[in-house]
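Work through the exercises below with the sequence and the coordinates open beside you. Each task is followed by a solution that goes step by step.

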Amino acid sequence: MKLNVALLAGDGIGPEVIDQAVKVCNVIATKFNHEINWRPALTGAAAIDAVGDPYPDETHEICITSDAVLFGAIGHPKYDNDPSAKVRPEQGLLRMRQKLGLFANVRPTFTFPSLIDKSPLKRERIEGTDLVFLRELTGGIYFGKRGREDNGDTAYDTCTYTRKEVQRLAKKGFEMAQKRSKRLCCVDKANVLETSRLWRETVQAMEKDYPDVEVSYEFVDAVAMRLVQWPSEYDVLITENLFGDILTDEASVISGSMGLMPSASIGESISLYEPIHGSYPQAAGKDIANPLATVLSAAMLFDGFNLSDEAEAIRKVVNESLSEGIVTEDLAEGGKAYKTSEVGDWLASHI
Ligand code: IPM
Ligand code: MG
């Protein structure tokens, strides 16, 4: 297969972790007879510095004409504590999601047998956890009307959803549940929010089209609690943008390190693959960040083209590296901490 992949390394540790994923993908391509044409483009603070725009038109053009996008991270501390900044790196990410129509963000959480005791949660709580969040990514409060009134003393952000937006996300959730344990949990705050009531009503109406799927409805606050109490009870969870943002960070802790969890953002015509962690500026340029979330995101990229042997080969070598202790400092716990690039080299040479 010939694949054109837009390569958006972004900020902070983005370029370092992306390099390792590229190494791994190139070995996979050779082994399985594919051709990957990497098409680098600017995003985030790096793009603001270079051209004054966190998601320049040229970058969009490269993305939209590629088969997939592999993305590192976005964000820079010089913008975080400056509420008055006119352009922010995150705007680039949001514009990219919107312009590429990436409406469904797939964020799995699973445990690695060799890391189970690294999780801050007790083994008996997390063993067997294998859940996936489907977070709506192009609607809700992230994209609603916002502003200031009252000479700046009052601020508002509005959350809006259409039935169609809920349906297309829920459809993905039902389909995913059908391929997994046939359980779907709709996470909302329908006891308070009108948008949540629309979510619930829409999902309820779709239940009859998927009689094999058992649907439960839970309030987001209760899920936040149960997720760390009994994560293995969940399978597929669907939720709106902000709830999904918060719950997926929480869920990532279960696996033992945020540096491990991959994600895919699915659109109608193109999909983007990225680690769920951020740009981790404190570690930028130090060759210490965990590249595995990005490498596992590349596995999801192969899955996206139904190349499951390729994806499995990546997951297998990642598991091997973990059980062999070829890990970066976040997982080393007193043992030898390998460099980001050393982990990448090890993976590439052990596929
Ligand atoms: C994420 C991030 C982004 C989000 C930020 C960087 C805008 O936290 O992908 O989860 O809130 O969606
Ligand atoms: Mg987030």
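The exercises concern a predicted model, and they take up its domains, its pockets, its salt bridges and its C-terminal residue in turn.

**Exercise 1. The two domains**

Task: state how the protein is divided into domains, and describe the contact and the buried area between domain 1 and domain 2.

Solution. Begin with the division, which gives domain 1 (1-118 + 257-351) and domain 2 (120-255). The next step is their separation: the C-alpha centres of domain 1 and domain 2 lie 24 Å apart. The contact takes 26 residues from domain 1 and 27 residues from domain 2, where contact means heavy atoms within 4.5 Å.

Then turn to the area. The size of an interface is often given as the accessible area lost when the parts come together. Between domain 1 and domain 2, about 2,400 Å² is buried, and carbon and sulfur atoms give 60% of this area. On the domain 1 side, the residues that lose the most area to domain 2 are Phe 103, Arg 107 and Thr 109, which together account for 30% of what that side buries. As a last step, look for charged pairs across the interface of domain 1 and domain 2, where the rule finds one salt bridge.

**Exercise 2. The largest pocket**

Task: describe the volume and the lining of the largest pocket, and name the element that gives the most to the lining.

Solution. The largest pocket holds about 980 Å³ of space. Its lining is made of 32 residues, and those nearest its centre are Val 106, Met 176, Met 300, Asp 303 and Gly 304. Among the elements that give two or more residues to this lining are strand 4 (102-110), helix 7 (163-179), helix 11 (292-304) and helix 12 (308-323); helix 11 gives the most, with five residues.

Sorted by character, the lining of the largest pocket divides into 17 nonpolar, six polar and nine charged residues. Finally, assign the lining to domains: at least three of its residues come from each of domain 1 and domain 2.

**Exercise 3. The second largest pocket**

Task: find where the second largest pocket lies with respect to domain 1 and domain 2, and characterise its lining.

Solution. Start with the volume, which is about 490 Å³ for the second largest pocket. It is lined by 26 residues, and Ile 74, Glu 90, Leu 93, Asp 245 and Gly 278 are the closest to its centre. At least two lining residues come from each of strand 3 (68-73), helix 4 (77-80), helix 5 (89-99), helix 10 (241-252) and strand 12, with helix 5 giving the most, four residues. The lining of this pocket comprises 12 nonpolar, six polar and eight charged residues. Because domain 1 and domain 2 both give residues to the lining, the second largest pocket lies between them.

**Exercise 4. Salt bridges and the C-terminal residue**

Task: say how many salt bridges the structure holds, explain what the pair Asp 53 and Arg 95 ties together, and list contacts of Ile 351.

Solution. The structure holds 21 salt bridges. In one of them, the side chains of Asp 53 and Arg 95 meet with an N to O distance of 2.9 Å. Asp 53 lies in the loop between helix 2 (44-51) and helix 3 (57-64), whereas Arg 95 lies in helix 5, so the pair ties together parts that are 42 residues apart in sequence. Asp 117 forms a salt bridge with Arg 123, with the closest N and O atoms 3.0 Å apart.

For the last step, locate Ile 351 in the segment after helix 14 (340-350). Apart from its neighbours within four places in sequence, Ile 351 is in contact with Val 24, Val 27, Ile 28, Lys 31 and Val 317.

Key:
Residues are numbered from 1 along each chain as its sequence is written. Chains are lettered from A and ligands numbered from 1 in the order in which they are written. This is a predicted model: local features need pLDDT of at least 70, side-chain atom pairs count only at pLDDT 80 or more; totals for chains, interfaces and linings use all residues. Side-chain values use heavy atoms; hydrogens and water are left out. On a 1 Å grid over the protein atoms alone, a cavity is a set of points where a 1.4 Å probe fits but cannot get out, and a pocket is an open set with protein on both sides within 12 Å along at least five of seven lines; lining residues have an atom within 4 Å of a point. Grid points are joined across faces, edges and corners, and a volume is the space filled by probe spheres set on the points. Ala, Val, Leu, Ile, Met, Phe, Trp, Tyr, Cys and Pro count as nonpolar, Asp, Glu, Lys and Arg as charged, and the others, Gly among them, as polar. Domain bounds come from an automatic or database domain assignment. Buried area is the accessible area (1.4 Å probe) that two parts lose on being put together, summed over both. A salt bridge is a side-chain nitrogen of Lys or Arg within 4 Å of a carboxyl oxygen of Asp or Glu.
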